[in-house]
Structure formats: structure tokens, C-alpha cells
Amino acid sequence: MTRAFLVVMDSLGIGGAPDADRFFNDGAPDTGANTLAHIAAECAAGRADDGRSGPLHVPNLDALGLGAALRLASGAEVPGLGVVPQGLWGAATELSPGKDTPSGHWELAGVPVPWDWHYFPREVPAFPEEVLVQVRRLAGVDGTLCNCHASGTEIVAELGSEHLRTGWPILYTSADSVFQIAAHEEVFGLDRLLSLCRGIAPMLHAMRVGRVIARPFRGDAQTGFVRTANRHDYAIAPPAPTLCDWARGAGRRVQAIGKIGDIFSMHGIDEVRTGPDAALMVHWADLMREAPEGSLTFANFVEFDSLWGHRRDVAGYARALEWFDAQLPGIFDRMRPGDLVLLTADHGNDPTWVGTDHTRERVPVLGAGLDARKIGLCGYVDVAASVAAHLGIDAQGPGRSFL
């Protein structure tokens, strides 16, 4: 049997989405957004030298075909991304009517989203009264804070002290289809926060809100408030069986790394390993050694998106890419004959772009373990079909294998 490792570099878009004009950041269309190209251009111009210096240095990703995929997707030529590909390479286009985490991951797993997500308006309050009533009832409080669009780190800094004084949870949203609840991990209680999010999730899912996210934090007004690593997403279940279900139904073991378990509501998943990206890399390396024959490992490295893309931190994003790239030789050294490693992304998040939202872009598809080949332009759904073909299991979605 063979093994497959599907790894999502969260938000590493490469521009060129044909429908980018239908998606917006602060009222401006995403036409021209290009996460990778704009990061590389800023690095080459010396404008991303915080904690690093010079042109973007990702030789292992480029050897697989990252630069070639960028040129295929958007025509962009940037310094440092120009070697002849030695891996499988191409670029994928999304069909689902969103640029969010569930849409991208579900479609990569073979299931395009069949509905339009619900997004909350940029009003105060942003949430309908019936939702606020239910939150107050579940939390056992007589009020809530914020109730609007906000940056998570900024709103916790602004309202953390009032939250400690009142005991009221902080509710906020973003341009994504999300409902986020922030509360102090010790004073409000982590278990209480998770219970609140779990309890309100069915109501939000019925509205086609993609995720309810628990956002615990610690600290005080004197030392400052910081979010902890105990975030938990309560995502709406996929509308049809995904690659994870196909594999598990065929008797294969499915391991999830990072937030994959949350994104798929644990459907079709046997094991989850979580933590910050540095810990996830260790989990990935361990599973390269431990994962059984015939298994699927599905990973998400979220910090490109959560720490650097949304915060529009070009240097931070570049540092993260260079760190990730430097780990790849150790991963590849653990590959067994017949293994397939596919690297891709779920959407863009151009840190040079207006606003703080994701950007509608094509994404790279890079493969190690097979002969070098150009797969050209494909669909997100083709990734799932190709992984299924490699594992020798039936694909139930609309995609076509590029293997």
C-alpha cells in the first residue's frame, strides 16, 4: 500500500483567480491580489527585513515548482523563484462561493460548498437579538460586549477589563462567516467558554454561519491581555462525504494535524494532533515515521494566515515561509517508497492588500514522491480525486485525478 500526506499552507495564494472581482476587502475587489508574489516583491525590495533579510528564500518549495506554479496562475515573475521544477506542480482554482477556511478545505477534500454562507452586516449590533438572547441564556449572564466586526487581538485589548468587571462574553465577527466568542480562560473559565460555543453552534449553523470560534485569553489590564492556544472551532458539518470519509470508509486510517479536525467536525478522522505550527511540524515528522501503510494524513499550518496574513505583516509571513521551507528536507528524508506528499493552500491572504480579510486567489499544488511533471491548471476538487487515486480508493466527488 501507499501513503498520502495532504498539507495545507493556510492562505498561500498565488494570484490569478478568474472571479477575484466578485470578492472584496474594505469595498475594494480582490483583483490583483497575490499573496506569494507580493511578499516576494517586498522582500526583494528590502521592505521585509524584520527578523530576516534579502529576497525570499524558499529553495525547497521552489524546487518542487512553487515559482512555476506562481507564473502559471498569475504570470508573476519574482526574484528567487525561478528554478526548473523537480516535483509535481500546478495551480488550483476554487469553485465554491467563498474565500474562507471551510470552503477551501472541503473543496480540497472533494466537496464544493453548495450554498452561500451567511455573513453578518457591518452594523452595531451585528448580531440579531435572538442570537444575543440565546448567548445570554447559555452563559448565565445579563449582557454581552462588542457585538460587531472587530480584530480579535484589538477587541480583547479594548474590552478585556470590562469583561473581567462584568463577566460578559465578548462577541465579534469578521468578513468571514464566523461568530467568535472571547472570554478570560481563568476568570470566565475555559470549559464554560467551550460549552457556550458548543451550545450556540447549532443555532448559528442553521443560519449557514460557517464556524463558531472560542477565543480564550489570559492576562489583566496591567500586564496586557493575550490570546491562548486553546482556541476551538465549532464548524458546520460538510454537506457530503469528503476525502476523509472516503478513506476511512475504505478501512484506511486518517490522521489530522492542526485544525483539520475542527474544520471537518471530526467526520472521517481517527486521530488529531494539535498545537502551534512548530509543534505541528514535529507531529508531521513523527507521522512520516509512524503513519501506517495506506493511511491519509491531512494537515493545516494556520499561522501563515492567523498571525501574518490577517495582521498584514509581510516580514512575519516571509519568516514563516522560510521556516517552513527549511523543515522540508527533514520531512522528505522520512518518506517511504510509494509515499505522496501534496502541498497546497485553501485561499489567499495577501499581507500587502487593503483590509484584513482573505483574498480570492488560485493556490499552488506541489507534489513530492512522484516523477517531476506539470499538471497545469486544475480544480481544488481534483486534489481529493488525486489523493484517492494514489491511495487506491474510490473518489465520490466531482474531481478528476491529475496523477
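**View 1. The whole protein holds 13 helices and 16 strands.** Helices (H or I, at least four residues) and strands (E, at least two) are DSSP runs, numbered from the N terminus. The radius of gyration, taken over C-alpha atoms, is 21 Å, close to the 22 Å that the globule rule gives for 403 residues, so the protein is as compact as a globular protein of that length; the rule itself is 2.2 Å times the number of residues to the power 0.38. This is a predicted model, in which local features need pLDDT of at least 70 and side-chain atom pairs count only at pLDDT 80 or more, while totals for chains, interfaces and linings use all residues. Residues are numbered from 1 along each chain as its sequence is written, and side-chain values use heavy atoms, with hydrogens and water left out.

**View 2. The UniProt record, an unreviewed entry, lists D10, D346 and H347 under "binding site".** These positions are given in the numbering used here, the feature name is shortened, and such annotations may be inferred rather than shown by experiment. The three residues span 338 residues in sequence, yet no two of their C-alpha atoms are more than 7.2 Å apart, so they gather at one spot.

**View 3. D346 sits in the loop between strand 14 (340–344) and strand 15 (363–368).** With a relative accessible area of 0%, D346 is buried, a term that means under 20% relative accessible area (1.4 Å probe, protein chains only).

**View 4. The contacts of D346 include D10.** Leaving aside residues up to four places away in sequence, D346 also touches others, among them E94, H105 and Y380, where contact means heavy atoms within 4.5 Å.

Technical notes:
Buried means under 20% relative accessible area, exposed over 50%, partly exposed in between (1.4 Å probe, protein chains only).
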